[in-house]
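Hi everyone, thanks for coming. Please bring up the sequence and the model on your screens, and I'll walk you through a few spots.

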Amino acid sequence: MKKLFSEFNIKNVKVKNRIFIPPMVLSLSNEGYVTSNNIEHYKRLAKGGAGLIIHEATCVNPNGLLSEGQPGIWNDDQINGLKTIVNAVHEENVPIFIQIHHAGVGGISENPICPSPYEYKTSTKSVVGHEMTIEDIKSIQNDFINAARRAYEAGYDGIELHGCHSYLISQFLNKKVNKRTDEYGANPEKFALEILEGIRKVTPKEFPVGIRLGGFQPRIEDSLHYAKIFEEHGIDFLDISYGFSIEQEVEEIPDYKYALPIYAAEKIKAEVSIPVFATWGINSPGLAEDILLNTKVDLVGIGRGALINPNWANDAIAEKDTGKCLECKKCMWFGYSKVCAGKVLFEKK
Ligand SMILES: Cc1cc2nc3c(=O)[nH]c(=O)nc-3n(C[C@H](O)[C@H](O)[C@H](O)COP(=O)(O)O)c2cc1C
């Protein structure tokens, strides 16, 4: 496990091993404000030995929430609560980035915004997003920029823009969703790039800012194109996942050994020179090491594995059983499931 346990730097941020905890909304906040449950959760994760934690998707505007209990960063009053999470994690000598997010048409708002009119259907509801005006665009970009300034003030070590999983930035990036006829349609990355530019003005230049990008937006070629553009504009890292779920054109890769977001991360890593993170289905230290060596990505994410066993990284280092996600997907996306069979099995041992 030489590579998995080796150090890495993201700008000046020292990451003691290649394991990061990807953002996972657990809906534990009190109307967007940090609760003791949030703090305990991050403290537990930080004690678990991962090199980096990315704080769950934290909403930049109450109209962009993805769940009622999602944490928020739309108000200066929220800084102190977030600071307590940062301090709890820093006490364990672990850096923490924060993912900042707006759901657009993919959230709980009954009158959501979207780059252009789009009907978003899930198994339980259907909602139509209304086209954002230029004023809406500027205003939401400012929400992201102010959120980043608050995150910096709270002490986070870096920012991750949520640019995947069907939420607002991925709605802009995916041309099957973004049908605008203006410059935000002609250059779908413009929305996120202007946010990046604004964040640079309110945070020091050494403060890392990255994006979680869908590997299929809608095709892998589009994501490669975006990855290169973000790199050219100075983004500090790319964290690769799925894109706008129902509007992806995912390639079939019959002999590929790992999950599709890892395939996309590998392809992107081959084309850029900034750090690339890969996540999805990494359920053993051996698999994590294998992926690092074979795909050349820089960090590997352990998501559900860390919900089952917050001590995943320490157990990997000690060569103990790390537990295994059974892929029932009942926890996705909203929290510690009461029916996590993987957790029950792990805790019985
Ligand atoms: C409960 C839960 C909440 C999640 N919330 C987020 C989120 O806030 N932001 C995000 O980008 N991905 C989110 N994800 C996706 C994870 O970050 C990760 O990409 C996914 O679980 C796959 O990795 P894994 O196989 O290691 O669990 C969530 C996943 C779960 C299970």
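Let me start with a question: by class, how many nonpolar, polar and charged residues does the lining of the second largest cavity have? Keep that in mind while I set the scene.

First, a word of care: this is a predicted model. The program finds 2 cavities of 30 Å³ or more. The second largest cavity holds about 40 Å³ of space. Its lining is made up of Ile-21, Pro-22, Pro-23, Met-24, His-41, Tyr-42, Leu-45, Ile-53, Ile-54, His-55 and Glu-56. Two elements give two or more residues to that lining, namely helix 1, residues 36-47, and strand 4, residues 52-59. Strand 4 provides the largest share, with 4 residues. And here is what I promised you: the lining of the second largest cavity has 8 nonpolar residues, 2 polar ones and 1 charged one.

Now let's step back to the whole chain. Its secondary structure comes to 12 helices and 13 strands. Along the principal axes, the C-alpha trace spans about 55 × 45 × 45 Å. How does the radius of gyration of the chain sit beside that of a compact globule? For 349 residues, a compact globule would have a radius near 20 Å, and the chain has 19 Å, so the two agree.

Buried residues account for 60% of the 349 residues. The accessible surface of the chain is about 14400 Å², and 49% of that belongs to carbon and sulfur atoms. As for contacts, take those between residues at least 6 apart in sequence: 72% of them join residues at least 24 apart.

Next, two glycines. Where is Gly-48 found? Look in the loop between helix 1 and strand 4. You will remember those two elements from the lining of the second largest cavity. Gly-48 counts as buried because its relative accessibility is 1%, and the cut-off for buried is under 20%. Which residues does Gly-48 contact, leaving aside its neighbours within four places in sequence? They are Pro-310, Asn-311, Trp-312, Ala-313 and Asn-314. If you would like a distance to try on screen, go from Gly-48 to Val-202: these residues are 154 apart along the chain, and their C-alpha atoms are separated by 32 Å.

The other glycine is Gly-32, in the loop between strand 3, residues 19-21, and helix 1. Is Gly-32 buried or exposed? Gly-32 has a relative accessible area of 2%, so it is buried. Not counting residues up to four places away in sequence, Gly-32 touches Gln-70, Pro-71, Gly-72, Trp-74 and Gln-78. From Gly-32 to Val-276 there are 244 residues in sequence, and 30 Å in space from C-alpha to C-alpha.

Now for some backbone geometry. As background, most residues other than glycine have a negative phi, and most peptide bonds are trans. With that in mind, have a look at three places.

One is the peptide bond from Gln-217 to Pro-218, which is cis, with omega near -5 degrees. Pro-218 sits in the loop between strand 10, residues 209-214, and helix 7, residues 220-232.

Another is Asn-93, which is not a glycine and yet has a positive phi of about 60 degrees. You will find Asn-93 in the loop between helix 2, residues 79-90, and strand 5, residues 96-101. Asn-93 counts as exposed because its relative accessibility is 67%, and exposed means over 50%.

Then there is Trp-280, also with a positive phi, about 125 degrees, although it is not a glycine. Trp-280 lies in the loop between strand 12, residues 276-279, and helix 9, residues 285-295. Trp-280 is buried, given a relative accessible area of 16%.

Let's finish inside helix 9, with Leu-287. Why does Leu-287 count as partly exposed? Its relative accessible area is 24%, and the partly exposed class runs between the 20% and 50% cut-offs. Setting aside neighbours within four places in sequence, Leu-287 is in contact with Tyr-258, Gly-281 and Ile-282. And one more distance for you: Leu-287 and Lys-47 are 240 residues apart along the chain, with their C-alpha atoms separated by 22 Å.

That's my tour. Thanks for listening!

Key
Residues numbered from 1 in each chain as written. Predicted model: local features only at pLDDT ≥ 70, side-chain atom pairs only at ≥ 80, totals over all residues. Heavy atoms only, no water. 1 Å grid on protein atoms, 1.4 Å probe; cavity = no way out; pocket = protein on both sides within 12 Å on 5 of 7 lines; lining within 4 Å. Points joined across faces, edges and corners; volume = space filled by probe spheres on them. Nonpolar A, V, L, I, M, F, W, Y, C, P; charged D, E, K, R; others polar. Rg over C-alpha atoms; globule rule 2.2 N^0.38 Å. Buried < 20%, exposed > 50% of the residue type's maximum accessible area, 1.4 Å probe, protein only. Contact = heavy atoms within 4.5 Å. Areas by Shrake-Rupley, 256 points an atom, 1.4 Å probe, with all protein chains shown as cover.
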